[in-house]
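Please work through the following exercises with the sequence and the coordinates side by side. Each task is followed by a solution that goes step by step.

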Amino acid sequence: IALIFSFILARETFVFGTRMLQRGYTTGHLHLPLAPSIYLVALGFAMLTLVIFMDLFKAIFAVIKGCDA
């Protein structure tokens, strides 16, 4: 469940960042674009998805290896 949820969060955050870039949203005072910071959040969710996937793979491998022993 966590793997699917984090993947959806990463994808939707990336889509949201793309929309913000297309619409030209900036910060109030410095007029910096918001999209790069949203892309960093999407990258964080993508890394979380990768870590959860690796943990799942390790757990499955440990169960398989434990059954063969």
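The exercises below concern a predicted model, and they go from the whole chain to single residues.

**Exercise 1.** Determine how many helices and strands the protein chain has, and how its radius of gyration stands against the globule rule.

*Solution.* Begin with the secondary structure, where the protein chain shows two helices and zero strands. Next, take the radius of gyration, which is 18 Å, whereas the globule rule gives 11 Å for 69 residues; the protein chain is therefore more spread out than a compact globule. Then turn to the box filled by the C-alpha atoms, which along the principal axes is roughly 65 × 15 × 15 Å. Finally, look at burial, for which 13% of the 69 residues count as buried.

**Exercise 2.** Decide whether S6 is buried or exposed, and find its contacts beyond four places in sequence.

*Solution.* First locate S6, which lies in helix α1, spanning residues 2–23. The relative accessibility of S6 is 2%, and because buried means under 20%, S6 counts as buried. Setting aside neighbours within four places in sequence, S6 is in contact with F45, L48, T49 and I52.

**Exercise 3.** Classify L43 by its accessibility and identify the surface patch to which L43 belongs.

*Solution.* Place L43 first in helix α2, residues 35–68. With a relative accessibility of 47%, L43 counts as partly exposed, since that class lies between 20% and 50%. L43 then joins L40, M47, L50, F53, M54, L56, I60 and I64 in a nonpolar patch on the surface, whose accessible area together is about 860 Å². For the protein chain as a whole, about 5600 Å² is exposed, with carbon and sulfur atoms supplying 77% of it.

Methods: Residues numbered from 1 in each chain as written. Predicted model: local features only at pLDDT ≥ 70, side-chain atom pairs only at ≥ 80, totals over all residues. Heavy atoms only, no water. Helix = DSSP H or I, 4+ residues; strand = E, 2+ residues; numbered from the N terminus. Buried < 20%, exposed > 50% of the residue type's maximum accessible area, 1.4 Å probe, protein only. Contact = heavy atoms within 4.5 Å. Rg over C-alpha atoms; globule rule 2.2 N^0.38 Å. Areas by Shrake-Rupley, 256 points an atom, 1.4 Å probe, with all protein chains shown as cover. Patch = residues over 30% accessible without salt bridge, like charges linked within 9 Å, V, L, I, M, F, W, Y side chains within 5 Å. Salt bridge = Lys/Arg side-chain N within 4 Å of Asp/Glu carboxyl O.
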